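Colleague: Before we discuss this model, please take me through the terms used for it, setting each value against its definition.

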Amino acid sequence: MLVLVAPETETPAQAITPDALLVRAGSGDQEAFAALYDAMAPRVLGLVRRLLVDPAQSEEVAQEVFLEVWQQAPRFDPAKGAAAAWMLTLAHRRAVDRIRSAQSARDRDVAAGHRELAADVPDPSESVEIRLEHERVARALGGLADAQRESIELAYYGGLTQREIAERLDVPLGTVKTRIRDGMGRLRDALGVTT
């Protein structure tokens, strides 16, 4: 059996258009803004989510849109356009801004990665130069007396102080100083260092 039911009546907030709600929100009416939010939030969020895809970012952008709507509501003029169109335009712009911002951040990260990668790869000519210099020093060290070479290697490659070298070699400190001074002089001559 078919039962006739009286049509539901609209509540006052549903009957009011978004234009009227936005005008009232512009005068500081928080209830009107809440009703406007209820009426427009699904459309705004849906538009933003279609563009951004990421649900969390979409909610964040939609929140920013409604904050801007609240702040800009006093400037809304229904004679210039519909509130829904204005709000959806704001939502579209904010979503596009977010996409551009994310793309810029990715571009910066990629550029930084390329710079770091380039910095980590040694220059082949520099590597060759360092290797050749190392070979020159090794040959010059080979031309020193064993005692001089040992003292210099302990000081420069081993990181020991002259006193530690003296203790390790069981010789007087003055002897270590003399061996290093004389050895360094011979190294300078062998390497052609003039300063």
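Colleague: Why is serine 58 called buried?

Modeller: Serine 58 has 0% relative accessibility, and buried means under 20% relative accessible area, with exposed over 50% and partly exposed in between (1.4 Å probe, protein chains only), so serine 58 counts as buried. This is a predicted model, in which local features need pLDDT of at least 70 and side-chain atom pairs count only at pLDDT 80 or more, while totals for chains, interfaces and linings use all residues. Residues are numbered from 1 along each chain as its sequence is written, and side-chain values use heavy atoms, without hydrogens and water.

Colleague: Which residues does serine 58 touch, leaving out those up to four places away in sequence?

Modeller: Serine 58, which is found in helix α4 (a DSSP run of H or I, at least four residues, numbered from the N terminus), touches Leu45, Val48, Arg49, Leu52 and Val53, where contact means heavy atoms within 4.5 Å.

Colleague: What makes the largest nonpolar core a core, and which helix gives the most to it?

Modeller: A nonpolar core is a set of buried Ala, Val, Leu, Ile, Met, Phe, Trp, Tyr and Cys residues joined through side-chain atoms within 4.5 Å; the largest one has 26 residues, and Leu36, Val44 and Val69 have the most contacts inside it. Helix α3 gives the most to this core, with ten residues. Leaving aside neighbours within four places in sequence, valine 44 is in contact with Ala62, Val65, Phe66, Leu88 and Ala91.

How values were computed. Helices (H or I, at least four residues) and strands (E, at least two) are DSSP runs, numbered from the N terminus.
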